[in-house]
Amino acid sequence: MNKLTRIFASLGLIVALGGSALTLAAVEDQIRERIEPTGNVNIAGEEGQQRQQQSTGPRGGEEVYADACSACHDSGAAGAPKLGDSGAWADRISKGDETLYDHAINGFNAMPAKGGCSGCSDEEVQNAVDYMTAQSE
């Protein structure tokens, strides 16, 4: 190969490599575009988000009960003591508030931690326990 041929061959290699880099960048852009999120999921809805944003402190027991606890404690699902059933609550209440709080916050038997209300603070769960025991004594 003469010198001129080698120069053109080198230039061709550089152009070919540069072209590959451009093609690779274009493919990466196409991939990013294909896997880009197409929307957002809003589980709470606008009203729920506004209520959470406007909240100045923990929710009261009755509100937490209505939002989270009533699903099981209204029907007695999975052995949950029904709200207002003093017979079902008597033994539980006799163990004391701290035991009830511990079971409600950390879960007990079939009840998951915080009754499944992962967004509830410990104080809100305690408020719900206080509400339920007051209704069931």
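A helix here is a DSSP run of H or I that spans at least four residues, and helices are numbered from the N terminus. With that in hand, here's the quick tour of this predicted model. The protein chain comes out with 6 helices and 0 strands, and the spot to look at is H5, which covers residues 97–106 and runs straight into Gly 107, a residue with a positive phi near 90°.

**The chain overall**
- Reading from the N terminus, the order of elements is α-α-α-α-α-α.
- There are 137 residues in the protein chain, and 18% of them are buried.
- Take the contacts with a separation of 6 or more: 52% of these come from residues 24 or more positions apart.

**H5, inside and out**
- Four residues of H5 are listed as buried, namely Leu 100, Tyr 101, Ala 104 and Ile 105.
- Why do they share one side of H5? Around the axis they cover an arc of only 120°, which puts them on the same side of the helix.
- Flip to the face turned away from that buried side and you'll find Glu 98 and Asn 106, both exposed.
- The cover over the buried residues includes H4 (86–94) and H6 (122–136).

**H5 against H6**
- These two helices pack at an angle of about 125°, and their axes are 9 Å apart.
- Angles from 65 to 115 degrees would count as roughly perpendicular and those over 145 as roughly antiparallel, with the rest between those ranges called oblique; H5 and H6 are therefore oblique to each other.
- As for handedness, the crossing of H5 and H6 is right-handed.
- On the H5 side, the contact is made by Leu 100, Tyr 101, Ala 104 and Ile 105, the residues already met as buried.
- H6 brings Asp 122, Val 125, Gln 126, Val 129, Asp 130 and Thr 133 to that contact.
- Sorted by type, the residues in the contact of H5 with H6 are 6 nonpolar, 2 polar and 2 charged.

**H3 against H6**
- H6 also packs with H3 (61–73), at an angle of about 75° and with the axes 8 Å apart.
- That angle makes H3 roughly perpendicular to H6.
- From H3, the residues that meet H6 are Gly 61, Glu 62, Val 64, Tyr 65, Cys 69 and His 73.
- Their partners in H6 are Glu 124, Asn 127, Ala 128, Tyr 131 and Met 132.
- The split for the contact of H3 with H6 is 6 nonpolar, 3 polar and 2 charged.

**Positive phi in the loops**
- Which loop holds Ala 78? Ala 78 sits in the one between H3 and H4.
- Its phi is positive, about 55°, even though Ala 78 is not a glycine.
- Ala 78 has a relative accessibility of 69%, so it counts as exposed, given that the cut-off is over 50%.
- Asn 109 belongs to the loop between H5 and H6.
- Phi of Asn 109 is near 50°, again a positive value in a residue other than glycine.
- Is Asn 109 buried or exposed? With a relative accessible area of 71%, Asn 109 is exposed.
- Gly 107, which follows H5, has a positive phi as well, near 90°.

How values were computed. Residues numbered from 1 in each chain as written. Predicted model: local features only at pLDDT ≥ 70, side-chain atom pairs only at ≥ 80, totals over all residues. Heavy atoms only, no water. Buried < 20%, exposed > 50% of the residue type's maximum accessible area, 1.4 Å probe, protein only. Arc of directions from axis to C-beta. Contact = heavy atoms within 4.5 Å. Axes fitted to C-alpha atoms, helices over the stretch in contact; angles between N-to-C directions. Parallel < 35°, antiparallel > 145°, perpendicular 65-115°, else oblique. Left-handed = near helix turned anticlockwise from the far one by under 90°. Nonpolar A, V, L, I, M, F, W, Y, C, P; charged D, E, K, R; others polar.
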